[in-house]
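Thanks for asking me to look this one over. Here are my notes, written so that you can follow along on the screen.

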Amino acid sequence: MADKKTHKPVHDALLASTACEELHVVRNVDDMHKFAFIREKKATKQKHNKHVSMATTSRDISPERLQDIEILLADPTLISKWLSHLPKLKWMQSTFAGVNAVFEQLPQDKPSPSFVLTRLAGVFGPIIAEYVVGHIIARERKFALCRKYQQSKEWGWWEELSYRELSELTIGILGFGDIGQEIARYCKSMRMTVNSIHRKIPTTKFSYVDESFSVEDLHECLKRCDYLCNVLPSTPNTVGLLSGDVLLSCKEKKTVLINVGRGDVISNDSILKALNNEWIGGAILDVVEQEPLSKDSPLWAHPQVTITPHVSGLTASSQVINIFLENFELYKAGKPMKYVVDWSKGY
């Protein structure tokens, strides 16, 4: 949280964007709409705005140029290696929902950083929920098979195209932040049975959740699921959570795994093992253990696997800017900002 005293005018801020692979030091950024304009202008490769005092590629930037930075708006994957060179940094706003790239650069033998880290949140729920529900409908209604029939100019047999209604299905949602809750709302609106899985079962009851489970009871929940949707972030407690023989509990219902969280919750080998042993009925993967997925991975050609290139929740520049501006006003007023990352939890 920022100092509760009235905050002095901000003179130095840094914008780092993977999209343009450049770092910008911005002077006199009290008018953050100008700051937002700079990002948009650079993203379209137009001329630098006069408020940019320095722009250079990340390969050329030197630690000396970063000494006075107080506020950082950045893609974690681009800026994480420079964080140790920002001695005056007080606040970093991530342009991603996931901030594991920052944590990977933190020394394990030193205290947590003194600056506040806020992540991009509150915007991905609806679009990722659409992705999840869309894939469930596509799979249940066998759109891919219909397409094959169309390509071969065949009038398909209705027996092969029989389907389950969504009201017959149960989904388990692993990770119940704002995205997980929105997925639950969408699925419940489709009359699905919705189960949530938590580190600790909340005392709050959700109208769109039929039953809540703790991680310790994961196996029991998996036995009931037609679909399992992972939305967990990458932390030491979540890496490999579904790996090994965990998905054996899905064998009776042939659960379909949907991963829109982080790929390291389960290894690629564990997914293939679960598929080949027929523990699960399929996998819809927007994220994988290592991205991009290796061209020689058997997952590409597996008939029960659908792969998308980490696009279930794309970031819009306007969303980044709006959240940054909102937090900037809170920062100046010395008030708690939104979506602050807990250094002890990793999210």
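The points below go from the whole chain to single residues.

1. **The chain as a whole.** Please keep in mind that this is a predicted model. The chain holds nine helices and 13 strands. Of its 347 residues, 48% are buried. The accessible surface is about 18100 Å², and carbon and sulfur atoms account for 51% of that area. If you take the contacts between residues at least 6 apart in sequence, 63% of them join residues at least 24 apart.

2. **The seven-stranded sheet.** A good place to begin is the open sheet, where seven strands run in the order β9-β8-β7-β10-β11-β12-β13 with parallel pairing. The edges are taken by β9 and β13; each has a single partner strand, so one side of each is left without a neighbour in the sheet. On average, neighbouring strands here are turned by 15 degrees against each other, ignoring direction. As a reminder, strands of a sheet pair through backbone hydrogen bonds, in either a parallel or an antiparallel way.

3. **The β12 and β13 end.** β12 and β13 are joined in the parallel sense by three bridges. To find the place on the model, look for Leu285, which stands opposite Ile307 in β13.

4. **Helix α8 on the sheet.** α8 lies across β11, β12 and β13, and its direction makes an angle of about 150 degrees with β12. Which residues of α8 are buried? They are Asn268, Ser270, Ile271, Leu272, Ala274 and Leu275, within a helix that spans residues 268-276. Their cover includes β11 (256-259), β12 (282-285) and β13 (305-307). After α8 comes Glu278, which has a positive phi, near 60 degrees.

5. **Asn259, a residue worth a click.** Asn259 belongs to strand β11. Is this residue buried or exposed? Asn259 counts as buried because its relative accessibility is 2%, and the cut-off for buried is under 20%. A polar atom of the Asn259 side chain lies 3.1 Å from the backbone nitrogen of Gly261. The backbone oxygen of Arg262 is likewise 3.3 Å from a polar atom of the Asn259 side chain. Leaving aside residues up to four places away in sequence, Asn259 touches Asn230, Val265, Ile266, Ile284, Leu285, Asp286 and Val287. Leu285, then, is a contact of Asn259 as well as the residue opposite Ile307.

6. **The loop with Pro202.** Pro202 sits in the loop that links β8 (193-198) and β9 (211-214). With a relative accessibility of 25%, Pro202 counts as partly exposed. Twelve residues separate Pro202 from Ser214 in sequence, and their C-alpha atoms are 9.3 Å apart in space.

7. **Strand β5 and its partners.** Elsewhere in the chain, β5 (residues 91-94) deserves a look. In a regular strand, side chains alternate between the two faces of the sheet. In β5, Trp91 and Gln93 point one way while Met92 and Ser94 point the other way, and all are buried. β5 pairs with β4 (residues 71-74) in the parallel sense over four bridges, and Trp91 is the bridge partner of Ile71. β5 also pairs in the parallel sense with β6 (residues 116-118), over three bridges. There, Leu117 in β6 is the bridge partner of Met92.

8. **The aromatic residues.** Searching the whole structure gives eight aromatic pairs. One pair is Phe324 with Phe328: the ring centres are 6.2 Å apart and the planes are at 20 degrees, so the pair is stacked. How are these two placed along the chain? They are four residues apart in helix α9 (residues 317-332), and therefore separated by about one helical turn. Phe324 is buried, at 1% relative accessible area, and Phe328 also counts as buried, at 0%.

9. **A link between points 7 and 8.** Trp91 appears again here, since Trp91, Phe324, Phe328 and Tyr331 make up one aromatic cluster. If you show these four side chains together, you will have Trp91 from β5 beside Phe324 and Phe328 from α9 in one view.

Notes: Residues are numbered from 1 along each chain as its sequence is written. This is a predicted model: local features need pLDDT of at least 70, side-chain atom pairs count only at pLDDT 80 or more; totals for chains, interfaces and linings use all residues. Side-chain values use heavy atoms; hydrogens and water are left out. Buried means under 20% relative accessible area, exposed over 50%, partly exposed in between (1.4 Å probe, protein chains only). Helices (H or I, at least four residues) and strands (E, at least two) are DSSP runs, numbered from the N terminus. Contact means heavy atoms within 4.5 Å. Accessible areas come from the Shrake-Rupley method with a 1.4 Å probe; for residues, only the protein chains shown count as cover. A polar contact is a pair of N or O atoms within 3.5 Å; within protein, one must be able to donate a hydrogen and the other to accept it, and residues adjacent in sequence count only if both atoms are side-chain atoms. Two strands pair if DSSP finds at least two bridges between them. Axes are lines fitted to C-alpha atoms, for helices over the stretch in contact, and angles run from 0 to 180 degrees between N-to-C directions. Rings of Phe, Tyr and Trp (its six-membered ring) pair if their centres lie within 6.5 Å; planes under 30 degrees apart count as stacked, over 60 as edge-to-face and the rest as tilted.
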